[in-house]
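Hi,

Here is the structure I said I would pass on. Have a look at it first, and my notes on what turned up follow below.

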Amino acid sequence: MNSSRRKFLQKLTLSAIALPTISAYPFSIYAKQNLDPDRPILKVALMGLGGYAERVAEAMQSCQRAKVTGLISGTPEKLEKWGKKYGVPKESRYNYENFDQIKDNPEIDAVYIITPNALHHGQTLRVAKAGKHVICEKPMAVSVREGQEMVDACEAAGVKLLIGYRMRFEPNTLKVHAMRESGELGKIKFFQGQTGFKIGDPNQWRVDKTLAGGGSLMDIGIYAINGARYMVGEDPIWVTAQETKTNPEIFKEGVDETIQFQLGFPSGAVASCLSTYAMDHLDRFYLLGEKNFVEMQPSTNYGPIKGRTKDGSLNQPHTVHQTTQMDEMAQIILDGKSPIIPVDGNVGVQDMKIIEAIYRACETGQRQELDLG
Ligand code: NAD
């Protein structure tokens with residue numbers, strides 16, 4: 001075999017190991033799940049059977065290391081329907097009153113909390129007390145205090161706490177991360193993160209402060225905050241922010257519609273971000289280094305994620321984000337694997353610190369210093 005062909009095949013094999021090809025969503029839910037017969041499987045109960053949980057449940061049918069084995073919901077009809085659809089027996093279906101009983105269920109290793117934001121804290125504490133690992137959707141909580149209590153409770157119970165930051169396992173995102181780490185982009189100078197959509201139904205929990213904990217920043221702006229951190233590769237040390245509200249009827253007190261914020265990093269790099277519930281098609285990252293730039297659009301939706309540098313497109317294979325995330329999280333929990341970009345509760349608390357500082361900056365008009373610890 002000539003050396004260029006060998007190199008080509010080695011490259012192919014390596015990328016096949018790092019990024020297993022996963023069938024595209026949607027797929028037949030009746031297809032038998034292709035679980036790895038040689039390694040332990042993460043047995044996951046889904047809590048909150050809403051829109052995103054459905055996407056996760058479908059995607060998990062293609063997981064090799066994780067399986068839906070439990071369901072938690074306040075709606076008996078949903079438990080029945082989902083139980084039949086995903087093969088979860090009656091004894092592994094719970095409601096919000098009795099789910100503490102999961103502690104006696106060996107068919108559940110972890111609970112994936114996919115409920116409105118303000119419920120994550122109390123639910124995490126109960127799951128930890130039941131001795132099960134927690135995977136919690138973003139934002140992990142609605143305050144730094146709550147987030148820290150979640151981290152402490154999981155630590156005390158000896159269980160893992162992971163945040164549903166799916167972009168941290170996305171191939172094009174990881175490619176940019178690797179390019180920055182290798183120095184290919186040069187010294188990073190600037191990041192732009194623009195994330196938003198039009199909210200639609202004005203009666204949904206996302207615009208109810210008591211359930212959402214805030215507005216667009218908690219829900220979609222958090223992707224720009226995340227992006228700023230993992231794209232620049234540093235933790236911000238200050239933030240300034242400005243809020244704009246055009247529809248105070250939908251976006252009541254404490255529910256932000258549009259926020260622009262700026263972050264400063266120790267190296268001198270700066271970020272300029274926009275979070276909104278008032279604009280569609282806003283999903284763009286731009287990272288500028290001294291040697292090259294990366295533009296990603298879309299940058300955080302369900303994909304395919306697209307990106308280019310001055311030399312051409314990024315071209316990493318598309319994987320179903322939730323399938324990849326759950327297979328990776330199974331390895332973090334069961335094998336002790338360290339992800340390239342961390343997804344643990346401490347990272348979630350740091351993001352909550354940035355969110356609180358952005359809200360304070362909007363209120364006071366003053367730059368807020370940040371110490372993410
Ligand atoms: P949703 O409204 O579709 O589902 C929420 C579920 O929680 C519903 O089944 C609802 O019945 C249940 N629920 C339980 N208690 C409730 C209560 N007191 N009030 C209202 N609903 C209650 O919302 P969603 O889009 O699935 O979002 C759920 C969580 O997932 C949020 O934290 C959100 O930020 C997160 N999310 C993450 C992503 C991602 O890409 N990582 C995408 C969407 C949503």
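Start with Thr 276, which in this predicted model touches Thr 195, Gly 196, Phe 197, Ser 216, Ile 220, Glu 257, Thr 258 and Leu 282, leaving out anything up to four places away in sequence. The residue sits in strand β10. Is Thr 276 buried or exposed? Its relative accessibility is 0%, and with buried set at under 20%, Thr 276 therefore counts as buried.

Just along the chain there is a backbone oddity. The loop between β10 (270-276) and β11 holds His 281, which has a positive phi of about 60 degrees despite not being a glycine. Unlike the buried Thr 276, His 281 is exposed, at 76% relative accessibility. Asn 315 does the same kind of thing: phi is positive, about 60 degrees, and again this is not a glycine. You'll find Asn 315 in the loop between β14 (312-313) and α9 (321-335), where it is exposed with a relative accessible area of 64%.

While you're checking the backbone, look at the loop between β12 and β13, where Pro 298 is found. The peptide bond joining Gln 297 to Pro 298 is cis, with omega about 0 degrees. Pro 304 has its place in the loop between β12 and β13 as well, and a cis peptide bond links it to Gly 303, omega again being about 0 degrees. Worth keeping in view if you set anything up from these coordinates.

Now the interior. Nonpolar side chains tend to be buried together in soluble globular proteins. Here the largest nonpolar core has 99 residues, and the members touching the most other members are Leu 46, Phe 261 and Ile 358. Which helix gives the most to this core? That is α8 (residues 216-232), which puts in 11 residues. Both domain 1 (3-166) and domain 2 (167-314 + 345-369) supply at least three residues each.

Phe 261 is a good place to zoom in. Setting aside residues up to four places away in sequence, its contacts are Leu 217, Gly 221, Ala 224, Ile 225, Val 239, Thr 240, Ala 241, Ala 271, Ser 272, Cys 273, Ser 275 and Ile 358. Apart from the big core there is another one, made of 6 residues, including Val 207, Ile 250, Phe 251 and Val 255.

Helix α6 (residues 171-181) is mostly covered, with 8 of its 11 residues buried. Those are Pro 171, Asn 172, Thr 173, Leu 174, Val 176, His 177, Met 179 and Arg 180. What do the buried residues of α6 pack against? The list is β7 (188-196), α8, β11 (282-289), β12 (293-296) and β13 (307-309).

Next, helix packing. Two packed helices are described by the angle between their axes and the distance between the axes. Take α2 (residues 51-60) and α3 (residues 76-86): the angle is about 15 degrees and the axes are 11 Å apart. Angles under 35 degrees count as roughly parallel, so α2 is roughly parallel to α3. The crossing of α2 past α3 is right-handed. On the α2 side the residues are Ala 53, Glu 54, Ala 57 and Glu 58, and they meet Trp 82, Lys 85 and Tyr 86 of α3.

The pairing of α2 with α9 has another geometry. Their axes come within 8 Å and cross at roughly 70 degrees, which makes α2 roughly perpendicular to α9. In this contact Tyr 52, Arg 55, Val 56, Ala 59 and Met 60 of α2 meet Gln 322, Thr 323, Gln 325 and Met 326 of α9.

Last one: Lys 78, which is in helix α3. Lys 78 is partly exposed, with a relative accessible area of 32%. Beyond its neighbours within four places in sequence, Lys 78 is in contact with Leu 49, Ser 73 and Gly 83. As for Ile 305, it is 227 residues from Lys 78 in sequence and 32 Å away in space, C-alpha to C-alpha.

Cheers

Definitions and conventions
Residues numbered from 1 in each chain as written. Predicted model: local features only at pLDDT ≥ 70, side-chain atom pairs only at ≥ 80, totals over all residues. Heavy atoms only, no water. Core = buried A, V, L, I, M, F, W, Y, C linked by side-chain atoms within 4.5 Å. Buried < 20%, exposed > 50% of the residue type's maximum accessible area, 1.4 Å probe, protein only. Helix = DSSP H or I, 4+ residues; strand = E, 2+ residues; numbered from the N terminus. Domains from an automatic or database assignment. Contact = heavy atoms within 4.5 Å. Axes fitted to C-alpha atoms, helices over the stretch in contact; angles between N-to-C directions. Parallel < 35°, antiparallel > 145°, perpendicular 65-115°, else oblique. Left-handed = near helix turned anticlockwise from the far one by under 90°.
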